[in-house]
Each structure stands twice: as C-alpha cells, then as structure tokens.
Amino acid sequence: MNENETKEFFALLDQACEALGKPVKSMGAKVMFLELLGGYGFKNLRGAVMAHLNDPERGRFPPAPADLKAQIEKALENDGRPTADEAFSIAIQLQDESATVVTNEEISQAWAVARDIMPDRVGARMAFRSAYERLVSEARSGARPVKWFPSIGHDVQGRDGVLQEGLRKGLLTHEHVQNLLPAPAPKNEMVDLIGMVATGDKEKARMALSQIKLKLGVK
C-alpha cells in the first residue's frame with residue numbers, strides 16, 4: 001500500500017475502535033497490522049474492517065489481525081472464480097481450436113499443465129485440479145481479482161453467441177469484444193420504405209422517402 005492508503009487504513013482502525021467505545025490502537029500495533037495484512041491491499045482491508053464491524057459476534061470487539069484476515073479470505077472465496085470441477089468443464093472446451101471459450105488466467109494456466117495428459121481424461125482432471133487449486137490459492141492470497149478473457153476459435157459463426165453470453169454474465173466487457181463481434185448489418189432503407197408502402201403507412205413512407213432523398217442529395 002502507498003503512504004496515503006496506509007494513513008487511511010490507520011485512521012480506519014482508529015474509527016473502528018471509537019465506534020465500539022474502545023481505546024484506539026497504538027502506532028506499534030497498527031504497524032503490526034500493516035506488516036501482517038498489507039499485502040491484501042487497502043480495498044480488501046477496508047472491506048474487512050467494515051465486515052468485521054457488521055459481524056454480530058466478533059463485531060462487538062475491536063478487530064485483531066486474524067479477524068480481518070478471516071473476513072478477507074471469506075470475501076475472496078466469493079470472488080467469481082469457479083470451483084475446480086466447473087473450471088475443468090470450461091478448460092476441456094479449449095481442446096477444440098474452432099471453439100471460442102470464455103476462460104480466465106487460472107483455468108488457462110492449469111489447462112496448460114493438464115492438456116498433454118489427454119486423452120486420459122481422469123488423469124488430466126486430476127492434474128488440472130491440483131494446478132488450478134494451487135493457482136487460485138496463490139491468487140487469493142495475493143488478493144488478485146479474477147480476470148476473464150475470450151480464447152478465440154477459428155469458427156467465426158460460433159463466436160458471436162459465446163461472446164454475447166460472456167457480456168451478459170458480466171465476465172467480459174465491451175472493450176474485450178468490440179473488435180471481435182460482427183458489425184451490425186447496414187440498414188436497408190429502401191426495404192423499409194417498400195414495407196411501409198405495402199402496409200399502407202403513407203405518412204411513415206413519406207418521411208422515409210424524404211430521408212433517403214436527403215442522403216442522396218435529391219430534391
């Protein structure tokens with residue numbers, strides 16, 4: 001954490017003690033908190049202090065380092081990373097080079113370990129699980145957020161649905177896919193005009209014709 005974040009964290013510890021009507025911690029104690037927990041980053045530490053104060057049991061007492069660590073680890077377990085079995089079902093799709101797959105860093109790295117064991121699916125699953133659980137544990141210990149990204153296959157027609165589903169689930173951003181999704185089909189204004197005439201919607205047809213003339217520079 002940088003200097004400003006450290007000051008904010010120390011102030012947050014003081015505020016937590018004051019909220020409970022307890023004496024603030026000494027500077028030495030606060031430095032000990034920082035040495036033990038600083039690697040989690042200010043955002044995680046702030047969330048842990050707030051979660052501790054909201055805890056109906058432990059929240060009656062000033063937080064200890066172990067209390068904040070437990071809150072951080074609890075939060076990180078819900079960081080959006082799938083279980084090992086769920087992750088393997090994603091990883092196995094990476095065998096198909098034509099398929100577009102939404103994956104993440106830990107899945108891709110664990111699959112790199114397991115893929116050479118295929119077609120022994122049982123052995124590959126065991127190797128994948130071991131590597132994946134280690135990688136996830138390391139990522140959570142370092143308070144690193146999950147990073148999803150698309151692995152693009154050469155089947156262009158099958159790509160759109162996968163990317164759109166990744167967007168819908170919040171795994172991908174528009175920045176991820178803006179150059180990967182097909183451009184919207186150009187609007188055929190003449191077809192629209194013909195349809196309006198056919199359905200007898202003269203007013204809309206007149207307005208559409210005016211727009212077409214304007215674009216064509218026809219009076």
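Helix H8 spans residues 159-168, and its buried residues are Arg159, Leu163, Gly166 and Leu167. Seen down the axis of H8, these residues fall within an arc of 100°, so they line one face of the helix. The model is a predicted one. H8 also gives the most to the lining of the largest pocket, with three residues.

**Helix H8 and its surroundings**

- The cover over the buried residues of H8 includes strand S1 (101-104) and strand S2 (148-151).
- Helix H9 (174-177) is also among the elements that cover them.
- After H8 comes Gly170, and the phi of Gly170 is positive, near 80°.
- A general point helps in reading a helix with one buried face: an α-helix has 3.6 residues a turn, so residues three or four places apart point the same way.

**The largest pocket**

- The volume of the largest pocket is about 180 Å³.
- Two elements, S1 and H8, give two or more residues to the lining of this pocket.
- The residues that line the pocket are Ile90, Gln93, Val101, Val102, Trp148, Val162, Glu165, Gly166, Lys169 and Leu171.
- Gly166 is thus named twice: it is one of the buried residues of H8, and it is one of the lining residues of the pocket.
- By class, the lining has six nonpolar residues, two polar ones and two charged ones.

**Helix H5**

- Helix H5 covers residues 84-91, and Ala84, Ala87, Phe88, Ile90 and Ala91 are buried in it.
- These residues cover an arc of only 160° around the axis, which puts them on the same side of H5.
- The cover over the buried residues of H5 includes S1, helix H6 (105-114), H7 and S2.
- S1 and S2 appear in the cover of H5 and also in that of H8.
- Ile90 is buried in H5, and Ile90 is also among the residues lining the largest pocket.

**Three residues to look up**

- Thr6 sits in helix H1, residues 3-19.
- Thr6 has a relative accessible area of 14%, so it is buried.
- Leaving out residues up to four places away in sequence, Thr6 touches Met1 and Leu34.
- Asp67 lies in helix H4, residues 65-76.
- The relative accessibility of Asp67 is 12%, so Asp67 counts as buried.
- Asp67 is in contact with His52, Arg58 and Pro62, leaving aside its neighbours within four places in sequence.
- Met126 belongs to helix H7, residues 121-141.
- Met126 has a relative accessible area of 58%, so this residue is exposed.
- Between Met126 and Ala114 there are 8.2 Å in space, C-alpha to C-alpha, and the two are 12 residues apart in sequence.

**The protein as a whole**

- The secondary structure comes to 11 helices and two strands.
- Along the sequence, the pattern reads α-α-α-α-α-β-α-α-β-α-α-α-α.
- The protein has 219 residues, and buried residues make up 32% of them.
- Of the contacts with a separation of 6 or more, 60% are accounted for by residues 24 or more positions apart.
- The accessible surface comes to about 14,000 Å².
- Carbon and sulfur atoms hold 54% of that surface.

Key. Residues numbered from 1 in each chain as written. Predicted model: local features only at pLDDT ≥ 70, side-chain atom pairs only at ≥ 80, totals over all residues. Heavy atoms only, no water. Buried < 20%, exposed > 50% of the residue type's maximum accessible area, 1.4 Å probe, protein only. Helix = DSSP H or I, 4+ residues; strand = E, 2+ residues; numbered from the N terminus. Arc of directions from axis to C-beta. Contact = heavy atoms within 4.5 Å. 1 Å grid on protein atoms, 1.4 Å probe; cavity = no way out; pocket = protein on both sides within 12 Å on 5 of 7 lines; lining within 4 Å. Points joined across faces, edges and corners; volume = space filled by probe spheres on them. Nonpolar A, V, L, I, M, F, W, Y, C, P; charged D, E, K, R; others polar. Areas by Shrake-Rupley, 256 points an atom, 1.4 Å probe, with all protein chains shown as cover.
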